[in-house]
Amino acid sequence: MKSGSPLPGVDLRTMDLPAMDVGSRTGRVRACLDGAGCDALVVTRLPNVRYLTGFSGSAGVVLVTPSELVLFTDGRYTTQSREQIDEAGVAARIEIRATQAAQQAVLADLTRPFARLGLEAHGVTWARQRSWAEAFGEVELVPTEDLVEGLRRVKEPGEVARIRAACSIADDALGSVLPCLAERPTERAFALNLEVAMRERGASGTSFDTIVASGPNGAKPHARPGERRVEHGELVVIDFGCIVDGYCSDMTRTVSVGDPGADARHLWEVVRESQQAGRDAVAAGVECAAVDRASRAVIDAAGWGELFSHGTGHGVGLEIHEAPRVAKTSSGTLEAGVVVTVEPGVYLPGVGGVRLEDTVVVTDAGAEALTSFPKNLETGT
Ligand code: ZN
Ligand code: ZN
């Protein structure tokens with residue numbers, strides 16, 4: 001199986017990505033500290049570390065105080081952390097310490113003036129919390145939830161530009177490899193080809209493990225691609241994405257090489273209508289749950305409500321799944337600049353499945369699709 005065109009139509013190296021205003025983000029965190037019941041915050045979740053500093057290493061802790069921003073990392077990242085922080089235009093002090101114990105000693109010193117120190121409840125292990133509680137003595141440790149994540153919900157134009165770039169790379173990569181489906185590749189070989197095509201266009205990696213689920217495997221929403229060959233006339237769920245400068249894309253298409261039959265066509269058409277209804281519902285000021293209801297109503301009406309076994313969508317950004325959730329139980333409201341997926345699916349155990357997904361950015365008037373690969377059930381034989 002050949003890997004698409006030798007000269008990609010979309011190439012990150014020819015795209016102009018606007019600068020991001022990383023430096024102003026710490027000020028927005030500081031404005032939230034008091035409301036969260038703390039005087040300073042220790043950030044341990046790596047996507048949040050990156051969001052506040054531009055540092056993308058695998059080990060980093062950030063301390064936000066009213067007057068200082070300090071990044072702790074280790075000797076592997078001495079040069080990289082300096083370069084990335086300078087490039088992001090962030091005024092941060094860097095503390096290089098070889099061990100967590102040494103980092104903890106400096107943190108304890110720096111946080112002594114504060115009565116209440118916020119920790120990220122979803123990012124601190126039990127062991128670390130215990131160790132810090134001992135090391136920090138008098139300082140009260142306050143669990144905070146989604147403080148930085150809440151700020152990440154609404155994307156800056158520079159962030160949307162990166163997600164858009166990742167989406168257009170994914171669109172173009174799928175277009176280049178889709179004809180190979182007619183050659184009866186294994187799911188695994190097709191997934192690999194798709195991933196190579198995204199890397200060739202400048203993506204730094206995949207945003208999650210690519211899903212290629214053919215025939216009955218399509219009934220498992222998160223199937224892993226295996227050695228099964230994609231046969232003509234069966235549904236294939238392809239769910240994939242890539243990363244550009246840390247930002248993710250996410251798209252699903254369900255296709256068939258040739259005619260999959262009347263039942264499969266009906267199933268696909270219902271999911272397409274459901275996906276369109278969800279997309280049409282997206283706009284600033286709309287409740288996340290209302291988008292889910294719009295998509296779900298179409299599938300309920302077709303009698304498959306029980307087989308739409310997941311939420312309608314999720315936020316996308318530095319993480320492939322981030323706030324807000326678009327589900328029955330979601331309580332949030334969409335705002336302009338939020339990036340979410342709309343991805344209803346129906347899964348018939350033992351038979352197969354259909355899911356269609358786009359990543360969209362919320363605008364005042366509605367939603368603008370960032371993934372735009374055409375939705376056609378049948379692809380060429
Ligand atoms: Zn997806
Ligand atoms: Zn998704």
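Let's start at one residue: Tyr247 lies in strand 11. A word of caution before going on: this is a predicted model.

Is Tyr247 buried or exposed? Tyr247 is buried, and its relative accessible area is 2%. Look at what surrounds this tyrosine. Leaving out residues up to four places away in sequence, Tyr247 touches Met20, Arg25, Tyr51, Glu159, Arg162, Ile163, Ala166, Cys242, Gly317 and Leu318. One of these neighbours deserves a second look. The side chains of Tyr247 and Glu159 make a polar contact, at 2.6 Å. Now a residue elsewhere in the chain, Leu147. Tyr247 and Leu147 are 100 residues apart along the chain, and their C-alpha atoms are separated by 19 Å. Keep Leu147 in mind; we will meet that name again.

Next, the metals. Start with the zinc ion that is ligand 1. Which residues give its protein donors? They are Asp239, Asp250 and Glu357, with Asp239 listed twice, each time through OD. Asp250 also donates through OD, and Glu357 through OE. These donors lie 2.0 to 2.7 Å from the zinc ion. Along the chain, the spacing reads D-x10-D-x106-E. The arrangement around ligand 1 is irregular, because the 4 donor atoms subtend angles of 53 to 153°. To count as tetrahedral, all angles would have to lie between 85 and 135 degrees.

Now the zinc ion that is ligand 2. Its protein donors are Asp250 (OD), His314 (NE2), Glu343 (OE) and Glu357 (OE). They lie 2.1 Å from the ion. The spacing here is D-x63-H-x28-E-x13-E. Again we have 4 donor atoms, and the angles run from 78 to 151°, so this arrangement is irregular too.

How far apart are the two zinc ions, ligand 1 and ligand 2? They lie 3.1 Å apart, and Asp250 bridges them. Asp250 and Glu357 form a pair that links distant parts of the chain, 107 residues apart. Asp250 is in the loop between strand 11 (247–248) and strand 12 (251–257). Glu357 is in the loop between strand 17 (352–355) and strand 18 (358–362). That brings us back to strand 11, where Tyr247 lies. Both metal-binding residues of this pair are hidden. Asp250 is buried, with a relative accessible area of 3%. Glu357 is buried as well, at 0%.

Let's step back to the overall layout. The domain assignment gives domain 1 (22–152) and domain 2 (157–379). Their C-alpha centres lie 35 Å apart. The contact takes 6 residues from domain 1 and 7 residues from domain 2.

Now the interior. In soluble globular proteins, nonpolar side chains tend to be buried together. How many residues are in the largest nonpolar core here? There are 36. Val29, Leu41, Val43, Leu52, Val62 and Val64 touch the most other members. The core draws at least three residues from each of domain 1 and domain 2. Take Val29 as an example. Beyond four places in sequence, Val29 touches Leu41, Leu52, Val64, Leu147, Val148 and Leu151. There is Leu147 again, this time as a contact of Val29. A second, separate core has 28 residues, including Leu181, Met198, Val230 and Val244.

Here is another buried position, a serine. Ser274 lies in helix 9, residues 262–281. Its relative accessible area is 0%, so Ser274 is buried. Setting aside neighbours within four places in sequence, Ser274 is in contact with Ser295, Val298, Ile299 and Pro344.

Last, some backbone details. Which peptide bond is cis? The bond from Ala323 to Pro324 is, with omega near 0°. Pro324 sits in strand 14, residues 322–326.

Then two positive phi values. Asp146 has phi near 55°, a positive value in a residue other than glycine. Asp146 is found in the loop between strand 6 (140–144) and helix 6 (147–152). Asp146 is partly exposed, with a relative accessible area of 44%. Arg184 also has a positive phi, near 55°. Arg184 lies in the loop between helix 7 (157–177) and helix 8 (187–200). Arg184 is partly exposed, at 34%.

To close, the picture to carry away from the metal site: the two zinc ions are 3.1 Å apart, and Asp250 coordinates both.

Conventions. Residues numbered from 1 in each chain as written. Chains lettered and ligands numbered in written order. Predicted model: local features only at pLDDT ≥ 70, side-chain atom pairs only at ≥ 80, totals over all residues. Heavy atoms only, no water. Donors = N, O, S within 2.8 Å, 3.2 Å for Na, K, Ca; no water. Tetrahedral: all angles 85-135°; square planar, octahedral: opposite > 155°, others 65-115°. Helix = DSSP H or I, 4+ residues; strand = E, 2+ residues; numbered from the N terminus. Buried < 20%, exposed > 50% of the residue type's maximum accessible area, 1.4 Å probe, protein only. Contact = heavy atoms within 4.5 Å. Polar contact = N/O pair within 3.5 Å; in protein donor to acceptor, adjacent residues only side chain to side chain. Core = buried A, V, L, I, M, F, W, Y, C linked by side-chain atoms within 4.5 Å. Domains from an automatic or database assignment.
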